[in-house]
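The following explanation leads the reader through the structure shown here, from a single residue outward to its surroundings.

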Amino acid sequence: VQSALLEAMQERQVTVGQTRHIIGDPFFVLATQNPIEQEGTYPLPEAQQDRFMFKIKVGYPTAEQELQIMQRIGAAPTASKPEVQPVIGPEEITAVQQTMDRMIVEQPVQKYIVDVVAATRTPGAVGLEKLAPFIDFGASPRATIALFQAARAHAFMRHRGYVSPEDVKAVAPDILRHRIILSYEAEAEGKTVEEVVRAILEHVQVP
């Protein structure tokens, strides 16, 4: 099962015996994970985590939001449960993807993306020698690709045809959160991945 999931996430196909099953486009994998502190929750292997583009933290809803959830779902009669309506189709998604492929990402911004990811591996290169003992493994080249693609999507959603360093900074925490492996020393001192990413974004300069 693990091998099939990894293959699907990376190769967009699943091989069973001698038969290869191609997964159609558009396709993505969405998963939820309980906090690691909860009993029965185990961390995913690093190779599997790396194939997820984002890791987004979802906290509890506000009291007002929870009231709306209760009123819409819990208090509504079964016959009047809200129905999900599609807002976009596969063709439109493909068109959006093709549009983002044409977005302008200037050379300095591309270099900035590479420098941010490289700093997770060698923080001393950007003047963050104190971070080095807290990082066992930095982000992989997949992080560079994901950061590039996510920055384009962020710019697109803000109706711009070009990517700025601010787009990179906006998506970097969600891209890097699950790809930086902290050391036991970091855990002992209460260091979080968010703090590490924040320090890197503050120190890495746009070329």
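In this predicted model, a convenient starting point is Ile-200. Leaving aside neighbours within four places in sequence, Ile-200 is in contact with Val-116, Ala-119, Thr-120, Leu-128 and Leu-131.

Two of these names recur in the description of the largest nonpolar core, which comprises 36 residues. The members that touch the most other members are Val-116, Leu-147, Val-168, Leu-176, Ile-180 and Ile-200. Two or more residues of this core come from each of helix 5, helix 6, helix 7 and helix 9.

Helix 7 merits a separate examination. Spanning residues 165–176, helix 7 contains 12 residues and reaches 16 Å from its first C-alpha to its last, close to the 16 Å expected at 1.5 Å a residue. Its buried residues are Asp-167, Val-168, Val-171, Ala-172, Ile-175 and Leu-176. These residues lie on the same side of helix 7 because they cover an arc of only 140 degrees around the axis. The partners against which the buried residues of helix 7 pack are helix 5 (107–121), helix 6 (141–157) and helix 9 (193–203). Val-168 and Leu-176, both buried in helix 7, are also among the core residues that touch the most other members.

The model also contains a hairpin. Strand 1 (residues 13–16) and strand 2 (residues 19–22) run antiparallel and are joined by 4 bridges. Within this pairing, Thr-15 stands opposite Arg-20 of strand 2. The hairpin has 2 residues between its strands, and Gly-17 adopts a positive phi near 65 degrees.

Definitions and conventions. Residues numbered from 1 in each chain as written. Predicted model: local features only at pLDDT ≥ 70, side-chain atom pairs only at ≥ 80, totals over all residues. Heavy atoms only, no water. Expected span 1.5 Å × (residues − 1). Buried < 20%, exposed > 50% of the residue type's maximum accessible area, 1.4 Å probe, protein only. Arc of directions from axis to C-beta. Contact = heavy atoms within 4.5 Å. Core = buried A, V, L, I, M, F, W, Y, C linked by side-chain atoms within 4.5 Å. Pairing = 2+ DSSP bridges.
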